[in-house]
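Please read the following account alongside the sequence and the coordinates, beginning with one loop and moving outward from there.

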Amino acid sequence: MKIQTEVVKGICPTCSEDTMLVGLTNELYRCMNCGTDLHQHVNGKITYLPHITKPKDADPYVKEWKDG
Ligand SMILES: [Zn+2]
């Protein structure tokens with residue numbers, strides 16, 4: 001088995017840099033500049049949005065801080 005890593009250029013919405021984005025899955029990319037995980041949205045054009053997981057009954061931001 002071989003793992004293919006796709007690297008694309010894009011504008012990161014978090015750090016606003018024109019930078020390299022490493023594909024983690026078909027839809028999930030990571031900014032090489034600031035390390036933020038980005039969700040790729042193809043809707044006429046490709047845009048990248050910060051990837052935020054949303055637990056059902058918890059504030060995602062509080063959870064992020066505890067994990068960090
Ligand atoms: Zn970034």
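In this predicted model, Ser 16 sits in the loop that connects β1 (7-11) with β2 (18-23). The backbone at Ser 16 has a phi near 60°, a positive value in a residue that is not glycine. For comparison, most residues other than glycine have a negative phi. Ser 16 counts as exposed, because its relative accessibility is 58% and the threshold for that class is over 50%.

The zinc ion is the next feature to examine. Four sulfur atoms coordinate the zinc ion at 2.3 Å, namely the SG atoms of Cys 12, Cys 15, Cys 31 and Cys 34. Along the chain these donors follow the spacing C-x2-C-x15-C-x2-C. The angles among the four donor atoms run from 101 to 115°, and the site is tetrahedral; the ideal value for four tetrahedral donors is 109.5 degrees.

Two of these ligands can be set side by side with respect to burial. Cys 31 has a relative accessible area of 2% and is therefore buried, whereas Cys 34, at 37% relative accessibility, counts as partly exposed. Leaving aside neighbours within four places in sequence, Cys 31 is in contact with two other zinc ligands, Cys 12 and Cys 15, and also with Thr 19, Met 20, Leu 21, Thr 36 and Leu 38. Cys 31 and Cys 12 also belong to the largest nonpolar core, a set of seven residues that is completed by Val 8, Leu 21, Tyr 29, Leu 38 and Tyr 48.

From the metal site the reader may turn to the wider fold. The protein chain contains one helix and five strands, and these elements follow one another along the sequence in the pattern β-β-β-β-β-α. Of the 68 residues in the protein chain, 21% are buried. Among contacts between residues at least 6 apart in sequence, 12% join residues at least 24 apart.

Strand β2 supplies two residues worth following in turn. Asp 18 is placed in this strand and, not counting residues up to four places away in sequence, touches Lys 9, Gly 10 and Ile 11. Between the C-alpha atoms of Asp 18 and Asn 33, which are 15 residues apart along the chain, the separation is 9.1 Å. Thr 19 also lies in strand β2, and its relative accessibility of 11% is the reason that Thr 19 counts as buried. With neighbours within four places in sequence left aside, the contacts of Thr 19 include Val 8, Lys 9 and Gly 10, together with the zinc ligands Cys 12 and Cys 31; Met 32 and Asn 33 are also in contact with Thr 19.

The later strands are arranged through β4. Strand β3, residues 28-31, runs antiparallel to strand β4, residues 37-43, and three bridges join the two. Within this pairing Arg 30 stands opposite Asp 37. The two strands form a hairpin with five residues between them, and Gly 35 in the turn has a positive phi of about 85°.

On to the next pairing: strand β4 is joined by six bridges to strand β5, residues 45-50, and these two strands likewise run antiparallel. Asn 43 stands opposite Lys 45 in this pairing, while Leu 38, a member of the nonpolar core, stands opposite Pro 50. One residue lies between the strands of this hairpin, in which Gly 44 takes a positive phi near 85°.

Gln 40 gives a view of β4 from within the strand. At 15% relative accessibility Gln 40 falls under the 20% limit and so counts as buried. Apart from neighbours within four places in sequence, Gln 40 is in contact with Asn 26, Glu 27 and Tyr 29, as well as with Ile 46, Thr 47 and Tyr 48. Among these partners, Tyr 29 and Tyr 48 are members of the nonpolar core described above.

Finally, confidence should be weighed. For the protein chain the mean pLDDT is 80, with 72% of its residues reaching 70 or more. Among the elements, β2 has the highest mean pLDDT, 94, and helix α1, residues 60-67, has the lowest, 56. Where pLDDT is low, the predicted coordinates should not be read in detail.

Terms used: Residues are numbered from 1 along each chain as its sequence is written. This is a predicted model: local features need pLDDT of at least 70, side-chain atom pairs count only at pLDDT 80 or more; totals for chains, interfaces and linings use all residues. Side-chain values use heavy atoms; hydrogens and water are left out. Helices (H or I, at least four residues) and strands (E, at least two) are DSSP runs, numbered from the N terminus. Buried means under 20% relative accessible area, exposed over 50%, partly exposed in between (1.4 Å probe, protein chains only). Donors are N, O and S atoms within 2.8 Å of the metal (3.2 Å for Na, K and Ca); water is not among the atoms, so sites may look incomplete. Four donors count as tetrahedral if all angles lie between 85 and 135 degrees; four count as square planar and six as octahedral if opposite donors are over 155 degrees apart and all others between 65 and 115; anything else is irregular. Two strands pair if DSSP finds at least two bridges between them. pLDDT is the predictor's confidence in each residue, from 0 to 100. A nonpolar core is a set of buried Ala, Val, Leu, Ile, Met, Phe, Trp, Tyr and Cys residues joined through side-chain atoms within 4.5 Å. Contact means heavy atoms within 4.5 Å.
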